[in-house]
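Welcome, and thank you for taking a look at this structure with me. We will go through it step by step, from single helices to whole domains and the place where the chains meet.

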Amino acid sequence: MVAATLERPLPRAADREAGARLSVEGVSHAFAIRGAALPVLDRIGLAVEPGGFVALLGPSGCGKSTMLRLVAGLEPPDAGRIAVDGARVAGPDPARLLVFQDPTLYPWRTVRGNVALGLEARGVGRERAARADAALRLVGLDGFAEVYPHQLSGGMAQRAALARALVNEPRLLLLDEPLGKLDALTRLAMQAEILRLWQEKRFTALLVTHDVEEALVLAERVIVLSDRPAAIRADIPVDRPYPRHRDDPNLVRLRREILGILGQPT
Amino acid sequence: MASLTGTAGAVPDRPARRLPAPPARALAAGAAWLALAGATYALPEEGDFPYTATFAAGALGIGLALPLAALLSSARLSGRLQRAGARLAHGTPWLAVLALALLAWELVTAKFALLPMPFFPPPQAILEVFLDDWPKLGGSILASLKLLAGGYLFGAAAGFTLGVAVGWSKAVGYWAHPVLRFVGPLPATAWLPLAFFVFPSSWSASTFLVALATGFPVTVLTWSGVAGVNKAYFDVARTLGASPRFLVLRVAIPAALPHVFVGLFMGLGGSFAVLVVAEMLGVKSGLGWYLQWAQGWAAYANMYAALIVMALMCSGLITLLFRLRDRVLSWQKGLVQW
């Protein structure tokens with residue numbers, strides 16, 4: 001693959017201070033659907049070290065995305081506590097950014113305008129364009145600043161969405177199946193990209209995915225969730241150096257184990 | 001029948017039939033205009049039309065200019081002139097048909113009097129109106145434009161503001177929605193009798209009516225545009241630290257603009273209708289009034305002239321609105337070409 005760019009040692013603990021510490025304690029949540037409560041999260045508890053990379057893995061529709069919305073502060077949890085660096089999450093904050101499955105770029109803004117959105121929203125006037133362009137370079141989209149989103153391919157749009165988050169220098173990046181709609185080859189390239197950005201920027205990453213391989217290639221820990229309402233079924237450390245290869249026997253063994261937990265034939 | 005039931009997809013091997021090449025087309029169109037000029041000038045007339053010779057001369061001029069222009073543009077000249085030539089070449093079939101239509105019109109009216117006279121004047125009678133009555137006609141256009149612009153801009157601004165407020169705020173929606181549902185579908189012309197005695201002048205009354213006709217579609221479309229904005233757009237902006245003001249001005253309104261332009265387009269159509277009715281019934285100026293006046297004096301040529309001018313004005317304004325939309329919504333794909 002693109003191993004050359006990934007030939008880096010694991011980040012040392014001292015470098016990891018850019019990332020935020022996340023703690024989730026006893027979080028339960030339910031949706032109200034026509035008056036009836038539909039429980040989606042069941043007493044979830046997890047802690048992520050600063051600069052860590054944790055994947056939440058579970059069947060689709062199990063409530064993984066809801067978990068990320070709660071951590072992002074878009075909705076308050078019904079029960080339990082979510083804290084980032086010890087402070088309770090009370091609302092959205094640009095230090096905790098969510099990258100959605102759909103790039104959700106604004107079609108009326110150029111790519112640069114989209115990337116600069118957070119800076120503009122917070123009134124950062126100076127160097128806005130320069131910072132946006134730097135973020136675009138970071139994700140390999142230099143030269144596309146003036147282009148409108150409908151002219152981008154799916155992978156490029158998702159890169160732009162990553163740049164839109166990274167320009168704000170988030171300390172916690174929440175990735176909600178960001179590669180779910182990409183084709184297989186683009187997905188591989190983007191996995192390498194996310195890994196490189198994480199190693200470079202040292203943010204804490206929480207990735208939601210239903211792709212076991214993706215979780216194993218990227219994350220330091222894989223948390224397996226049950227069907228709805230999601231509860232933690234297993235918390236599996238992936239103690240392998242980066243860059244990882246899909247056919248690494250250790251990963252193959254872990255994959256089999258996780259699929260077993262998920263009740264899939266291996 | 002055999003050819004109809006024959007093998008599907010069989011391609012006839014004769015070359016596709018094409019229009020003749022531009023110079024030949026221009027010659028044909030020129031010939032049509034020359035025929036018009038000749039018939040107009042030479043055939044005896046039923047009636048007295050002072051501008052027959054002028055009309056014939058105009059047709060002659062076009063008939064001579066067309067092939068000449070085609071010749072000039074087919075010669076290798078500068079890019080700009082060539083583009084103008086290409087547009088002319090594109091328009092020549094229409095120009096030819098126009099000449100033939102004018103010829104038919106000329107023949108059934110002035111020449112053979114097949115249509116009843118005062119109601120169906122020949123083309124030269126309408127040309128006469130344009131050449132002799134242009135100060136009054138021009139003044140009417142200005143008066144109409146002034147009234148329309150005032151009412152339309154006011155109605156569009158009010159409708160847009162109200163639409164954003166209704167789409168954004170639940171409280172405003174609660175109070176405005178029933179009123180909009182009850183009053184909105186009422187045609188603006190129904191307010192006419194009321195407006196003319198409530199407002200101090202017929203001009204302000206007409207401005208109000210035009211604004212009303214514009215405002216309703218703009219309000220409803222803006223409202224539906226704002227209410228229909230992808231909720232994920234707001235999630236994105238909120239996580240990035242956007243204030244409510246930012247969410248309205250930089251997310252909701254730009255996202256709703258395609259709908260707003262549909263409302264502006266519908267409102268413009270509605271405003272034309274109200275404008276003409278208001279001018280006919282109350283205001284003593286404008287194209288609607290000119291139409292009414294011409295009909296009252298049985299000056300049918302003036303009526304046709306005013307209709308032509310009105311069509312040009314309305315079409316021009318719609319074109320202007322579409323140009324504005326193309327500029328503002330240049331990020332959109334697949335816009336309808338007007």
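A residue is called buried here if 20 or more other C-beta atoms lie within 10 Å of its own, exposed if 12 or fewer, and partly exposed in between. Please keep in mind as we go that this is a predicted model.

With that definition in hand, let us begin in chain A with helix H2, which spans residues 64-72. This helix is mostly covered, since seven of its nine residues are buried. The buried residues of H2(A) are A:Lys64, A:Thr66, A:Met67, A:Leu68, A:Leu70, A:Val71 and A:Ala72. If you step just past the end of H2(A), you arrive at A:Gly73, which takes a positive phi of about 90°.

Now let us see how chain A is divided. Its domain assignment gives domain 1, made of 17-95 + 170-261, and domain 2, made of 108-168. Their C-alpha centres are 25 Å apart. Where the two domains of chain A touch, domain 1 gives eleven residues and domain 2 gives ten residues. Which element supplies the largest share of the side of domain 1 that touches domain 2? That is H7(A), with five residues. Sorted by class, this side of domain 1 of chain A holds seven nonpolar residues, one polar residue and three charged residues.

Helix H7(A) also brings us to a pair of packed helices. Two packed helices are described by the angle between their axes and the distance between the axes. For helix H6 (residues 154-166) and helix H7 (residues 184-201) of chain A, the angle is about 15° and the axes are 11 Å apart. Angles under 35 degrees count as roughly parallel, and so H6(A) is roughly parallel to H7(A). Their crossing is right-handed. On the H6(A) side, the contact is made by A:Gly154, A:Gly155, A:Gln158 and A:Leu166, and on the H7(A) side by A:Thr186, A:Met190, A:Leu197 and A:Lys201. These residues of the contact of H6(A) with H7(A) divide into three nonpolar, four polar and one charged.

Let us turn to chain B, which has 13 helices and zero strands. Read from the N terminus on, its elements run α-α-α-α-α-α-α-α-α-α-α-α-α. Of the 338 residues of chain B, 36% count as buried. Among the contacts in chain B with a separation of 6 or more, 73% come from residues 24 or more positions apart. The domain assignment of chain B gives domain 1 (23-115) and domain 2 (134-329). Taken over C-alpha atoms, the centres of these two domains of chain B are separated by 39 Å.

Chain B has a helix pair for us to visit as well. Helix H6 (residues 134-168) and helix H13 (residues 300-328) of chain B pack at an angle of about 40°, and their axes are 11 Å apart. H6(B) and H13(B) are therefore oblique to each other. The crossing of H6(B) and H13(B) is right-handed. From H6(B), the contact uses B:Leu137, B:Ile141 and B:Ser144, while H13(B) brings B:Ala305, B:Ala306, B:Val309 and B:Met313. By class, the residues of the contact of H6(B) with H13(B) are six nonpolar, one polar and no charged.

Our next stop is the contact between the chains, which takes 14 residues from chain B and 19 residues from chain A. On the side of chain B that touches chain A, helix H10 (231-239) and helix H11 (244-281) each supply at least two residues. The largest share of that side, seven residues, comes from H10(B). Its classes are nine nonpolar, two polar and three charged residues.

Finally, let us meet two individual residues. A:Arg122 sits in the loop between helix H4 (117-121) and helix H5 (128-138) of chain A. Leaving aside residues up to four places away in sequence, A:Arg122 touches A:Pro94 and B:Gly241. Is A:Arg122 buried or partly exposed? Because A:Arg122 has 15 C-beta neighbours inside 10 Å, A:Arg122 counts as partly exposed. From A:Arg122 to A:Trp108, 14 residues away in sequence, the C-alpha to C-alpha distance is 20 Å. In chain B, B:Leu249 is found in helix H11. B:Leu249 has 13 C-beta neighbours inside 10 Å and so counts as partly exposed. The C-alpha atoms of B:Leu249 and B:Phe182 are separated by 29 Å, with their positions 67 residues apart along the chain.

Technical notes. Residues numbered from 1 in each chain as written. Chains lettered and ligands numbered in written order. Predicted model: local features only at pLDDT ≥ 70, side-chain atom pairs only at ≥ 80, totals over all residues. Axes fitted to C-alpha atoms, helices over the stretch in contact; angles between N-to-C directions. Helix = DSSP H or I, 4+ residues; strand = E, 2+ residues; numbered from the N terminus. Parallel < 35°, antiparallel > 145°, perpendicular 65-115°, else oblique. Left-handed = near helix turned anticlockwise from the far one by under 90°. Contact = placed C-beta atoms within 7 Å. Nonpolar A, V, L, I, M, F, W, Y, C, P; charged D, E, K, R; others polar. Domains from an automatic or database assignment.
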